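Take a look at the chain below. This briefing goes through it topic by topic.

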Amino acid sequence: MDIYLEREIELNQMHEDILARREVLLRHSEWHLGNMQKRKANSAADLAVAKERNQNLLEDISTIQENLRSKGGKGFSPKLQALQENYWSMLEREVPEWKGELRAAKKSPRSPRPPHPHSKMN
């Protein structure tokens, strides 16, 4: 009889260990499920915010496009036209000089480059 009693005590102990491990696993599963639900809720909220932001951006783009179309026939402002003309005339003056500097630099790569006449020296 003692053998059966010892075996029953051993089996009861194993059963209690299994139940304890099951409890730990259940708690962990509940915790994990709770985290997943929180992440899902956060993702849904983030998605809603992103959709609203994207919709606002699309509306802004449409407004800008409409403004550009309506101003398209008017041409540029006088200040912008003057800036554009100054830019192109500066390029027409400077590009030949830049090309000459590049050719000179290619011929003697070890010599230091001369400072640009319009650069500020400290």
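How many salt bridges does a search of the whole structure find? The search finds two. Keep in mind that this is a predicted model. Its chain has two helices and zero strands.

**The chain as a whole**

- The chain has 122 residues, and buried residues make up 2% of them.
- About 12000 Å² of the chain is exposed.
- Carbon and sulfur atoms supply 59% of that exposed area.

**Salt bridges in helix α1**

- Helix α1 covers residues 2-72.
- One salt bridge joins glutamate 10 to arginine 7. Their closest N and O atoms are 3.1 Å apart.
- Glutamate 10 and arginine 7 are three residues apart in α1, so about one helical turn separates them.
- Glutamate 10 has 41% relative accessibility, so it counts as partly exposed. Arginine 7 is also partly exposed, at 41% relative accessibility.
- Glutamate 23 forms a salt bridge with arginine 27. Here the closest N and O atoms are 3.6 Å apart.
- Glutamate 23 and arginine 27 sit four residues apart in α1, so they too are separated by about one helical turn.
- Glutamate 23 is partly exposed, with 36% relative accessibility.

**Helix α2: length and kink**

- Helix α2 runs over residues 78-107.
- What span should the 30 residues of α2 have at 1.5 Å a residue? They should span 44 Å. The end C-alpha atoms of α2 are 44 Å apart, so the two values agree.
- Helix α2 also has a kink of about 35° at glutamate 94. The kink lies shortly before proline 96.

**A nonpolar surface patch**

- Phe76, Leu80 and Leu83 form a nonpolar patch on the surface. Together they have about 310 Å² of accessible area.
- Leucine 83 belongs to helix α2.
- Is leucine 83 buried or exposed? Leucine 83 counts as exposed because its relative accessibility is 56%, and the cut-off for exposed is over 50%.

**The aromatic pair**

- The structure holds one aromatic pair. Tyrosine 87 and tryptophan 88 form this pair.
- Two numbers describe a pair of aromatic rings: the distance of the centres and the angle of the planes.
- For tyrosine 87 and tryptophan 88, the centres are 5.3 Å apart and the angle between the planes is 75°.
- The pair of tyrosine 87 and tryptophan 88 is edge-to-face, because planes over 60 degrees apart count that way.
- Tyrosine 87 is partly exposed, with a relative accessible area of 43%. Tryptophan 88 counts as partly exposed too, at 47% relative accessibility.

Definitions and conventions. Residues numbered from 1 in each chain as written. Predicted model: local features only at pLDDT ≥ 70, side-chain atom pairs only at ≥ 80, totals over all residues. Heavy atoms only, no water. Patch = residues over 30% accessible without salt bridge, like charges linked within 9 Å, V, L, I, M, F, W, Y side chains within 5 Å. Areas by Shrake-Rupley, 256 points an atom, 1.4 Å probe, with all protein chains shown as cover. Salt bridge = Lys/Arg side-chain N within 4 Å of Asp/Glu carboxyl O. Buried < 20%, exposed > 50% of the residue type's maximum accessible area, 1.4 Å probe, protein only. Phe/Tyr/Trp six-rings, centres within 6.5 Å; stacked < 30°, edge-to-face > 60°. Expected span 1.5 Å × (residues − 1). Bend = angle between axes of the 7 residues up to and from the residue.
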